[in-house]
Amino acid sequence: MHELIYEGECLIIVNDDKELLVADSFVHTRFANYDDTFKGVCVRNYMFERTFNMSNVIYLNYQNTRLESYTNSLFADYGRMLGRMVDIQMRNNQIRGTLKANLTQGTQMEKQEQLKNFLGKIFESFKQKDVAIVPLTNGFEYTEIGGTKSNTQQQFDQIKLLRKDAIATVADILGIPENLLIDTQADSSQAEDAFNNGTLAFFYQLVLDEINSKLSTSDDDVFIIVGKNERGLFDLAEPIDKLVSSGVMTRNEIRELLGLEKVSDSDLDQFYITKNYEKSSKGGEDDDESD
């Protein structure tokens with residue numbers, strides 16, 4: 001799923017040990033009348049020399065151009081924004097001062113060496129000591145100016161708001177309810193059900209269709225995926241009762257829909273209907289009273 005969403009496609013191959021491996025990189029060659037091929041398949045720094053045909057691999061494709069366009073521009077904007085933030089923070093509370101030096105005596109090398117030693121003593125004192133005292137020397141006079149102040153907390157708050165908005169936008173593009181990703185006091189059970197039976201079910205079906213098309217040998221021998229999109233049996237108890245008691249489905253048909261095996265040599269293939277669904281003797285109307 002990570003590879004499918006981030007890269008837009010995912011290639012799964014079978015090695016000589018019959019293991020399923022997700023490819024890190026590959027070259028996909030498309031043909032009109034023949035099987036597509038995959039060359040240069042690399043898995044964890046191991047390069048396969050063989051060429052894989054489409055009919056012998058599991059290939060998943062998820063092209064979300066809106067997501068790709070948004071994330072590309074988002075990362076570029078974030079890079080510039082965070083770089084600007086670092087620049088501002090480095091200037092905040094920066095030690096600034098002026099140094100007045102009498103450089104009328106001595107050679108040029110001597111002047112430079114004196115200036116270098118004096119500045120080194122000042123900044124080493126500032127960095128190492130809680131209480132720093134600047135030594136005054138003949139010909140040198142240091143004056144502290146102070147740093148530029150800005151509202152650092154406000155800058156961080158703005159970054160957090162922008163990040164939250166970016167997460168919400170990406171979630172919307174992928175079909176993920178925002179309150180599942182961001183802590184809120186609202187009840188998220190309905191949002192989770194919508195995600196499990198909508199977005200998650202879509203990806204399950206995407207994988208399932210490809211697996212069945214490549215690995216299933218007959219209509220009776222198919223794979224199923226049971227995940228978070230499957231509702232609990234206790235949640236389905238009432239709908240199941242209605243389907244059986246109204247004569248719409250047999251109990252074995254219900255079992256198949258739930259991913260359970262059919263029970264043979266039993267009356268579970270018989271249709272049943274309860275009395276309240278029987279035809280009424282008065283004008284052919286249904287009797288709403290239960291047993």
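**View 1. Lys 18, an exposed residue with a positive phi.** Lys 18 is exposed, with a relative accessible area of 69% (exposed means over 50% relative accessible area, buried under 20%, and partly exposed in between, using a 1.4 Å probe and protein chains only). Look for Lys 18 in the loop that links strand 1 (9-14) to strand 2 (20-22). Helices and strands here are DSSP runs, numbered from the N terminus: H or I over at least four residues for a helix, E over at least two for a strand. The phi of Lys 18 is near 65 degrees, a positive value in a residue other than glycine. For background, most residues other than glycine have a negative phi.

This is a predicted model, in which local features need pLDDT of at least 70, side-chain atom pairs count only at pLDDT 80 or more, and totals for chains, interfaces and linings use all residues. Residues are numbered from 1 along each chain as its sequence is written, and side-chain values use heavy atoms, with hydrogens and water left out.

**View 2. Arg 44, in the loop between strands 4 and 5.** Here is another positive phi in a residue other than glycine: Arg 44 has a value near 50 degrees. The loop around Arg 44 runs between strand 4 (37-43) and strand 5 (46-47). Arg 44 is exposed, and its relative accessible area is 75%.

**View 3. The open sheet of strands 2, 1 and 7.** Three strands line up in the order 2-1-7 with antiparallel pairing; two strands count as paired if DSSP finds at least two bridges between them. Strand 2 and strand 7 (58-61) are the edge strands, each pairing on one side only. From one strand to the next, the twist averages 20 degrees, with axes fitted as lines to C-alpha atoms and angles running from 0 to 180 degrees between N-to-C directions. Strand 1 and strand 7 are joined in the antiparallel sense over four bridges. To find one bridge by eye, start at Glu 9, whose partner in strand 7 is Asn 61.

**View 4. Thr 199, a buried residue in helix 6.** Helix 6 covers residues 199-215, and Thr 199 belongs to this helix. With a relative accessible area of 15%, Thr 199 is buried. Leaving aside residues up to four places away in sequence, Thr 199 touches Leu 174, Gly 175, Ile 176 and Ala 194, where contact means heavy atoms within 4.5 Å. For the wider setting, 24% of the 291 residues of the chain count as buried, and the chain has eight helices and nine strands.
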